[in-house]
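Reader: Can you walk me through this one? I'd like the short version.
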Amino acid sequence: QVQLAESGGGLVQVGDSLRLSCAASGRKINNYAMAWFRQGPGKEREFVAAISWNGISTEYADSVKGRFTIARENAKNTVSLQMGSLKPEDTAIYYCAADQVPPAAGASRFDYEYQLWGQGTQVTVSS
């Protein structure tokens, strides 16, 4: 069973950058699509970014496209989310998620596709 642990959250100012990391343990994530979701105060959980098992395919929410970058290092069993030009509306708990997929699969935007979730890391963007 894969366990996911997010880190890197914190309090930043508008326009700052922040890098979140997701470390997987228990087994290799080579055959898992990975994603980041977030849940802001009083909001439903929403998709942020996803990456295919081999890192070739990525998906982004329109709200973060051009500002956030998802990447993975299968050798290190990690996934990252580089966030730039942060806005107050990016304030949320950010969750890492894993979806065990067949080799030809891409990465889903839908949270119900993901079987494994981390505990989340808080990101607060102050104006």
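Author: Here is a quick run through the disulfide and the nonpolar core. This is a predicted model, where local features need pLDDT of at least 70, side-chain atom pairs count only at pLDDT 80 or more, and totals for chains, interfaces and linings use all residues. Residues are numbered from 1 along each chain as its sequence is written, and side-chain values use heavy atoms, with hydrogens and water left out.

Reader: How many disulfides?
Author: One. A disulfide here is a pair of cysteine sulfur atoms within 2.5 Å. Cys22 and Cys96 form it, with sulfur atoms 2.1 Å apart.

Reader: Where do Cys22 and Cys96 sit?
Author: Cys22 is in strand E3 (residues 18–25) and Cys96 in strand E9 (residues 92–100), 74 residues apart. Strands are DSSP runs of at least two residues, numbered from the N terminus.

Reader: Are Cys22 and Cys96 buried or exposed?
Author: Both are buried. That means under 20% relative accessible area (1.4 Å probe, protein chains only).

Reader: New topic. Which residues touch the most others in the largest nonpolar core?
Author: Leu4, Met34, Trp36, Leu81, Met83 and Tyr94, out of 39 residues. Such a core is a set of buried Ala, Val, Leu, Ile, Met, Phe, Trp, Tyr and Cys residues joined through side-chain atoms within 4.5 Å. Strand E4 gives the largest share, six residues.

Reader: What does Leu4 touch?
Author: Beyond four places in sequence, its contacts (heavy atoms within 4.5 Å) include Cys22, Met34, Cys96 and Trp117. Leu4 lies in strand E1 (residues 3–7) and has a relative accessible area of 9%.

Technical notes:
Helix = DSSP H or I, 4+ residues; strand = E, 2+ residues; numbered from the N terminus. Buried < 20%, exposed > 50% of the residue type's maximum accessible area, 1.4 Å probe, protein only.
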